[in-house]
Amino acid sequence: MWHRIRELSLREWAFLVGYGIVPVLAGIVVAGLAVDSFRAERVGVPGVVVVEDCHEQEDGGGRGWRCSGPFVSDDGTIRLDAVSLTSLFAEPPAYGDAVPAVVTGPSARRAHQPDTTGGIWGALVAVLLLGGGGRVLVVQLRTTAVTPQGVSSADPDTVARLRQFAREWDLLPAPTDGTAVAPPVAAERTRANVAIWRVVASWLLLALSTGGVLWQLAAWNRDLDAVMSAVAVGTVTADRLGADDRIEVAYRDGDGTDRRVRLTPLDAGRLPVGSRVPLRYDPSHPEQVTPVQPELFALGSRDRNVMAGLALAPGFLLIGAWAWRLGRWALGTVRRPASGIARVHAAHLLWGTEPTAFWLELHSGGRIWYQRVIWDRRLVRWLDGYQWGADHVPVSQARRPLPVHLRRCPGLRRMYLVDVAGVGRLWPASTARGRPPGNYQLDPVMPGAFGHPESAARHLGVVVALAVLAGIAWFLTGPTSSVYALTLVGASALWSGGAPWRGLYAVRPRSGPGHR
């Protein structure tokens with residue numbers, strides 16, 4: 001397992017963290033809350049919570065009010081200075097109201113409402129999170145025994161499928177002159193690989209669209225802050241309220257109306273009763289208040305800022321990762337090449353049904369390396385290593401190793417630029433590893449393996465999905481977010497190789513290098 005962890009690529013780490021580690025950690029937290037709720041239901045001590053403070057909060061079930069205050073048990077044996085009620089209220093109770101509650105013991109910091117079913121639902125959610133995240137961790141970290149050709153000897157379905165491919169080869173017509181010719185890589189002129197321009201353009205578009213979203217968000221925040229033009233000086237009338245040690249500040253607006261607001265100071269002892277607190281507020285909505293010295297308070301972030309930060313996090317991560325990879329590529333182009341041979345494989349996810357990317361099996365210096373490469377149609381049209389007949393039909397299933405030149409990119413983890421004579425340069429989409437990827441099944445690329453026609457419904461579904469994604473982003477925050485969403489999808493696809501989704505459809509049973 002440790003060998004597998006050392007070989008994980010950045011994309012696999014992102015997948016592992018997002019779909020494995022984070023759900024498992026969330027499941028552990030939810031399981032702890034469920035256990036606390038079960039204990040309160042079964043052996044809890046009943047009593048009341050005297051509402052001392054409430055503040056609006058957004059939870060998984062929606063927006064509501066979280067309240068807190070001192071707890072007193074019915075028999076008077078347990079008195080707690082401040083506990084937080086786990087349930088949200090649609091409308092805040094009046095300050096001083098006694099709300100029935102149950103605690104687990106004299107050291108509890110949370111109080112549960114009686115007859116709650118939070119323990120049951122919490123346990124179900126914890127099981128789903130732990131089971132799903134654990135499944136991803138097991139699949140990602142296990143090591144799959146794969147032969148040098150990429151076919152597991154213990155997989156009868158794969159063996160049967162390859163035998164079926166062999167029978168399909170027998171049905172192919174022989175070349176008209178009865179002779180076999182060498183693969184076209186030795187005769188064709190080297191073409192420039194356009195993948196590098198797709199990558200650079202996608203990276204620049206993603207960076208520009210991310211900058212556009214940040215500019216739009218900054219303009220929105222400036223406009224929002226501009227309306228907080230009125231100033232007042234408030235006085236702290238109560239402190240250490242509820243479980244969060246909040247303070248109550250009284251102030252008078254421009255119309256002479258006395259108002260009160262509650263804030264959460266970072267240091268509860270710094271603002272005792274009677275302290276002066278400068279405030280800013282919107283003259284048209286005096287209840288919307290922000291302190292002049294925000295560094296002294298724990299202020300909740302605006303919802304749009306939080307959502308924008310979550311949405312932009314993948315973009316920042318991908319921009320940085322692509323910049324690092326492009327830098328390694330650029331430095332690798334000036335390195336001295338080493339000779340090697342290569343074979344092309346199509347990768348299937350172990351839990352999927354369709355090929356997802358192309359991998360090269362590289363032989364150099366007595367070692368075998370496996371590396372994903374950026375999609376290029378010549379991977380299957382020129383580099384499959386078969387013999388082609390005069391009518392551009394493959395006439396031999398014997399795959400011949402392809403001579404290549406390998407330029408190692410600088411960095412701690414091995415990565416190669418692969419130059420193929422007569423073809424051009426193939427750009428890496430992952431680091432090179434000494435074993436086949438554990439979450440993929442690598443199969444030899446055979447012309448009879450693919451060639452399934454693309455359905456119009458499949459194309460339409462992808463276009464509609466992208467249009468819906470762009471439309472939602474436009475509706476929520478504007479056109480720059482729509483462009484950001486589309487460029488993020490494109491950059492993510494290129495990061496993993498950028499291969500077509502439906503069976504790597506560039507291969508056709510009767511297509512050869514002359515049919516493009």
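**Figure 1. Helices and strands of the whole chain.** The protein chain holds nine helices and 20 strands, as seen in this predicted model. Of its 516 residues, 42% are buried. Look next at how the chain meets itself: among contacts with a separation of 6 or more, 70% are between residues 24 or more positions apart. The views that follow visit a helix pair, a disulfide and several single residues.

**Figure 2. Helix H5 packs against helix H9.** Here residues 195-226, forming H5, lie beside residues 479-495, forming H9, with the two axes 8 Å apart. The angle between the helices is about 150 degrees; angles over 145 degrees count as roughly antiparallel, and H5 and H9 are therefore roughly antiparallel to each other. Their crossing is left-handed. On the H5 side, the residues that take part include Arg198, Val199, Leu205, Leu206 and Val213. They meet residues of H9, among them Thr480, Val483, Tyr484, Leu488 and Leu494. Sorted by character, the residues of this contact are nine nonpolar, nine polar and one charged.

**Figure 3. Serine 202 in the contact between H5 and H9.** This close-up picks out one residue of the helix pair, serine 202, which is found in H5. Is serine 202 buried or exposed? With a relative accessibility of 13%, serine 202 counts as buried. Leaving out residues up to four places away in sequence, serine 202 touches Thr487, Gly490, Ala491 and Leu494. These four partners are listed among the H9 residues that meet H5.

**Figure 4. A disulfide joins cysteine 54 to cysteine 67.** How many disulfides does a search of the whole structure find? The search finds one, and it links cysteine 54 and cysteine 67 with an S to S distance of 2.0 Å. Cysteine 54 belongs to strand E2 (residues 53-59) and cysteine 67 to strand E3 (residues 62-73), so the bond ties together parts that are 13 residues apart in sequence. The torsion about the S-S bond is about 110 degrees, so this disulfide is right-handed. Both ends are tucked away: cysteine 54 is buried at a relative accessible area of 4%, and cysteine 67 is buried at 0%.

**Figure 5. Histidine 55 in strand E2.** Strand E2 also carries histidine 55. A relative accessible area of 18% makes histidine 55 buried, because buried means under 20%. Setting aside neighbours within four places in sequence, histidine 55 is in contact with Gly64, Trp65 and Arg66, and also with Asp244 and Arg246.

**Figure 6. Arginine 240 and aspartate 245, two residues with positive phi.** Neither residue is a glycine, yet arginine 240 has a phi of about 50 degrees and aspartate 245 one of about 55 degrees. Where does each sit? Arginine 240 is in strand E7 (residues 230-241), while aspartate 245 is in the loop between E7 and strand E8 (246-252). Arginine 240 is partly exposed, with a relative accessible area of 46%. Aspartate 245 is partly exposed too, at 30%.

**Figure 7. Glycine 332 of helix H6 beside proline 410.** Glycine 332 is part of helix H6, which covers residues 303-332. Glycine 332 is buried, its relative accessible area being 0%. Along the chain, glycine 332 and proline 410 are 78 residues apart, yet their C-alpha atoms are separated by 6.4 Å. Which residues does glycine 332 contact, once neighbours within four places in sequence are left aside? They are Arg407, Arg408, Cys409, Pro410 and Leu417. Of these, cysteine 409 is itself buried, at 1% relative accessibility.

**Figure 8. Proline 428 in a loop between two strands.** The loop shown here runs between strand E19 (424-426) and strand E20 (440-444), and proline 428 lies in it. Although in a loop, proline 428 is buried, with a relative accessible area of 0%. The C-alpha atoms of proline 428 and tyrosine 416 are separated by 6.5 Å, the two residues being twelve apart along the chain. Leaving aside neighbours within four places in sequence, proline 428 is in contact with Arg325 and Trp329, with Gln371, Arg372, Val373 and Ile374, and with Met415, Tyr416 and Leu417. Leu417 is also one of the contacts of glycine 332, which links this view to the previous figure.

Note on methods: Residues are numbered from 1 along each chain as its sequence is written. This is a predicted model: local features need pLDDT of at least 70, side-chain atom pairs count only at pLDDT 80 or more; totals for chains, interfaces and linings use all residues. Side-chain values use heavy atoms; hydrogens and water are left out. Axes are lines fitted to C-alpha atoms, for helices over the stretch in contact, and angles run from 0 to 180 degrees between N-to-C directions. Angles under 35 degrees count as roughly parallel, over 145 as roughly antiparallel, 65 to 115 as roughly perpendicular and the rest as oblique. A crossing is left-handed if the near helix is turned anticlockwise from the far one by less than a right angle, and right-handed if clockwise. Contact means heavy atoms within 4.5 Å. Ala, Val, Leu, Ile, Met, Phe, Trp, Tyr, Cys and Pro count as nonpolar, Asp, Glu, Lys and Arg as charged, and the others, Gly among them, as polar. A disulfide is a pair of cysteine sulfur atoms within 2.5 Å. Buried means under 20% relative accessible area, exposed over 50%, partly exposed in between (1.4 Å probe, protein chains only).
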